Amino acid sequence: MPNTKSAAKRVRSSKRREQINQLHRGRARTADKKARRLLREGQLEEARAAVREAQAALDKAAKKGVIHPNKADRRKSRLMQQLRKLEAQES
């Protein structure tokens, strides 16, 4: 229970930020999982589109401060490695 008016406001604002952060984190995680699943299944065209969506979602989450920028870069790099590997197998 907050003791001051400013503490009560911090509780309200942190709840609001938590919801916004969860939205962006969830979108990034969902897009990442979808891309990895399509890469694993070998669906090249769908995977290309999913990787682009995942990159955008990860960049947006990093820009909003929801995840660390290096974490977003690392995940994007790993997705691209898997995509290049799949493209090499297909050709």
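In which helix is Leu 83 found? Leu 83 is found in helix H3, and this tour will return to that residue after visiting the helix that precedes it in the viewer.

**Before starting**

The model is predicted, so local features need pLDDT of at least 70 and side-chain atom pairs count only at pLDDT 80 or more, while totals for chains, interfaces and linings use all residues. Residues are numbered from 1 along each chain as its sequence is written, and side-chain values use heavy atoms, with hydrogens and water left out. Helices are DSSP runs of H or I with at least four residues, numbered from the N terminus.

**Stop 1: helix H1**

Select residues 5-41, which form helix H1. The expected span of a helix is 1.5 Å times one less than its number of residues. For the 37 residues of H1 this gives 54 Å, and the end C-alpha atoms are 54 Å apart, which agrees.

Next, colour the buried residues of H1: Ser 13, His 24, Ala 28, Ala 31, Asp 32, Ala 35, Leu 38 and Leu 39. Buried means under 20% relative accessible area, exposed means over 50%, and partly exposed lies in between, with a 1.4 Å probe and protein chains only. The cover over these buried residues includes helix H2 (44-63) and helix H3 (69-90). Just after H1, select Gly 42, which takes a positive phi of about 80°.

**Stop 2: three residues of H1**

Select His 24, which lies in helix H1. His 24 counts as buried because its relative accessibility is 12%. Contact means heavy atoms within 4.5 Å. Not counting residues up to four places away in sequence, His 24 touches Lys 60, Ala 61, Lys 64 and Val 66.

Move to Arg 29, also placed in helix H1. Is Arg 29 buried or partly exposed? With 45% relative accessibility, Arg 29 counts as partly exposed. Measure from its C-alpha atom to that of Ala 54: the two residues are 25 residues apart in sequence and 8.2 Å apart in space.

Then select Asp 32, again in helix H1. Asp 32 has a relative accessible area of 6% and is therefore buried. Neighbours within four places in sequence aside, Asp 32 is in contact with Ala 54, Arg 75 and Leu 79.

**Stop 3: H1 against H2**

Two packed helices are described by the angle between their axes and the distance between the axes. Axes are lines fitted to C-alpha atoms, for helices over the stretch in contact, and angles run from 0 to 180 degrees between N-to-C directions. Show H1 and H2 together: they pack at an angle of about 155°, with their axes 8 Å apart. H1 is therefore roughly antiparallel to H2. Angles over 145 degrees count as roughly antiparallel, under 35 as roughly parallel, 65 to 115 as roughly perpendicular and the rest as oblique.

On the H1 side, the residues in contact include His 24, Ala 28, Asp 32 and Leu 39; on the H2 side they include Ala 47, Val 51, Ala 54 and Ala 61. The contact of H1 with H2 divides into 12 nonpolar, one polar and six charged residues. Here Ala, Val, Leu, Ile, Met, Phe, Trp, Tyr, Cys and Pro count as nonpolar, Asp, Glu, Lys and Arg as charged, and the others, Gly among them, as polar.

**Stop 4: H1 against H3**

Add H3 to the view. The axes of H1 and H3 come within 10 Å and cross at roughly 20°, which means that H1 is roughly parallel to H3. Select Arg 29, Asp 32, Ala 35, Arg 36 and Leu 39 of H1, together with Arg 75, Leu 79, Gln 82, Leu 83 and Leu 86 of H3, to see the contact. By class, this contact of H1 with H3 holds five nonpolar, one polar and four charged residues.

**Stop 5: H2 against H3**

Hide H1. H2 and H3 pack at an angle of about 170°, with their axes 9 Å apart. These helices, H2 and H3, are therefore roughly antiparallel to each other.

**Stop 6: back to Leu 83**

Finally, centre on Leu 83. At 6% relative accessibility, Leu 83 counts as buried. Residues up to four places away in sequence aside, Leu 83 touches Leu 39, Leu 44, Ala 47, Arg 48 and Val 51. The C-alpha atoms of Leu 83 and Gln 43 are separated by 10 Å, with their positions 40 residues apart along the chain.

Terms used: Helices (H or I, at least four residues) and strands (E, at least two) are DSSP runs, numbered from the N terminus.
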